[in-house]
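Hi there,

Here is the structure I promised to pass on. Have a look at it first, and then read on for what turned up.

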Amino acid sequence: MVGVHGGKVEYRPSGSQGVKLPLGYHQKTGAYCGFCTVEDGLRVMGPEESHAYFLAAEKTEAALVLDAIAGGDGLYSERDAADMEEAIGRHRPLESYDQSESYTLSRAADRYNTGLTGPGQRHKSFLLLARLFNHNGVDRAEARAAISEWFAWQDPKYYDSSPDFCAKDLAECVDYVYDRDLTLAAEQRDITVTFSEIDEIMRKCPQKSQKALAYAILVHSKRWATEPGGTFYMTYAQMASASGLGERTAKRLIDSLAAAGVIEIKRRDQRKKGTHKKMPNVYRVLLHCDEDSGVYEVTEGADLATCIKHFYGRDELRRILPRRQYQSFIGATGTDNTS
């Protein structure tokens with residue numbers, strides 16, 4: 001009940017108001033209270049499935065609990081669940097996908113080696129070099145120190161700000177880049193996905209959240225893989241941002257994509273030497289890329305639902321998708337005009 005003074009809220013069971021426990025039945029409606037998981041769309045398990053799920057529960061490793069307390073994995077939030085449930089049609093390009101000439105590897109390397117060549121370059125150079133170090137997996141503190149060393153040998157005639165102001169600007173630029181995980185483009189690329197790749201995602205990923213994450217990783221690989229079919233890194237924060245899922249949800253789904261043969265995890269949970277910090281995981285997409293099967297150009301605002309409707313007709317989608325997923329895909333882009 002709500003207290004008259006102080007606004008405190010107290011909840012307790014009473015003779016007419018009980019606490020509904022898992023594996024029990026509601027006193028009035030008779031509805032069963034089973035377990036559910038975010039990965040399965042918060043579907044409530046029936047009595048037999050819930051009992052089996054309970055009996056299969058295993059002791060959690062102490063390290064995982066401590067990591068959760070320290071702000072690591074943690075528990076699912078309501079936002080995570082909502083993000084997962086509304087994942088379809090929400091793929092969006094990451095800010096780090098900027099492919100303009102201002103953010104290429106060659107330009108960043110040239111600025112690092114050549115230094116400032118004229119006035120008005122200091123602030124932009126800080127941002128560019130921060131992207132360069134983040135792209136190469138250098139941690140934030142080391143990047144700040146390296147750029148400071150670089151700036152120390154620049155010609156003062158190209159800037160007129162005080163040393164304190166420059167140091168503050170440098171730190172803010174590094175924080176801006178690392179907070180947003182901005183990196184660099186190796187080259188200009190027109191991003192396309194093929195029907196063969198999308199069809200494998202559709203058939204190997206039964207859950208719509210898996211499909212959303214697999215599509216986000218596929219598009220990311222097209223930009224950042226060392227070569228077609230090569231390796232690339234992608235942080236959980238990037239996965240969450242690109243797929244529309246919660247970060248914890250993306251982290252939990254990645255193993256299922258590997259088990260389904262959608263991706264290969266080449267490096268996992270590797271700590272940076274001499275620190276407790278982990279390096280980003282390295283992946284390889286295992287989907288078969290056959291351009292003869294059909295090609296779809298990924299442009300800004302081109303989400304998974306739009307891509308699927310490009311390749312599939314309505315009748316075929318009905319045949320290969322569960323009813324609720326079919327409705328999600330068809331409804332995600334408005335009126336269905338497919339045949």
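A word on terms before we start: contact, or touching, means heavy atoms within 4.5 Å. Please also keep in mind that this is a predicted model.

Let me begin with D290, which sits in the loop between β6 and β7 (295–297). Leaving aside residues up to four places away in sequence, D290 touches T194 and S196. V193 is 97 residues from D290 in sequence, yet their C-alpha atoms are 9.3 Å apart in space. Is D290 buried, exposed or partly exposed? Its relative accessible area is 28%, and because partly exposed covers the range between 20% and 50%, D290 counts as partly exposed.

V193 comes up again with I198. Not counting residues up to four places away in sequence, I198 touches V193, Y215, L218, C307, I308, F311 and Y312. I198 is also one of the residues with the most contacts inside the largest nonpolar core, together with I217 and M239. That core has 44 residues. At least two of them come from each of α8, α9, α10 (236–243), α11 (247–259), β6 (282–285), α12 (304–311) and α14 (323–332). The largest share, eight residues, is supplied by α9. There is a second, separate core of 23 residues, with A108, L132, C173 and L182 among them. As background, nonpolar side chains tend to be buried together in soluble globular proteins.

Now for two helix pairs. Helix α8 (residues 195–204) packs against helix α9 (residues 208–224) at an angle of about 155°, and their axes are 9 Å apart. Angles over 145 degrees count as roughly antiparallel, so that is the description for α8 and α9. The crossing of α8 past α9 is right-handed. On the α8 side, the contact is made by E197, I198, I201 and M202, and on the α9 side by K211, A214, Y215, L218 and K222. Six of these residues are nonpolar, three are charged and none is polar.

The other pair is helix α5 (residues 122–135) and helix α6 (residues 140–152), which pack at about 135° with axes 10 Å apart. These two helices are therefore oblique to each other, and their crossing is right-handed. From α5, the contact uses R122, S125, F126, L129, A130 and F133; from α6, A143, A146, I147, W150 and F151. Here the split is nine nonpolar, one polar and one charged.

Happy browsing, and best wishes!

Note on methods. Residues are numbered from 1 along each chain as its sequence is written. This is a predicted model: local features need pLDDT of at least 70, side-chain atom pairs count only at pLDDT 80 or more; totals for chains, interfaces and linings use all residues. Side-chain values use heavy atoms; hydrogens and water are left out. Axes are lines fitted to C-alpha atoms, for helices over the stretch in contact, and angles run from 0 to 180 degrees between N-to-C directions. Helices (H or I, at least four residues) and strands (E, at least two) are DSSP runs, numbered from the N terminus. Angles under 35 degrees count as roughly parallel, over 145 as roughly antiparallel, 65 to 115 as roughly perpendicular and the rest as oblique. A crossing is left-handed if the near helix is turned anticlockwise from the far one by less than a right angle, and right-handed if clockwise. Ala, Val, Leu, Ile, Met, Phe, Trp, Tyr, Cys and Pro count as nonpolar, Asp, Glu, Lys and Arg as charged, and the others, Gly among them, as polar. A nonpolar core is a set of buried Ala, Val, Leu, Ile, Met, Phe, Trp, Tyr and Cys residues joined through side-chain atoms within 4.5 Å. Buried means under 20% relative accessible area, exposed over 50%, partly exposed in between (1.4 Å probe, protein chains only).
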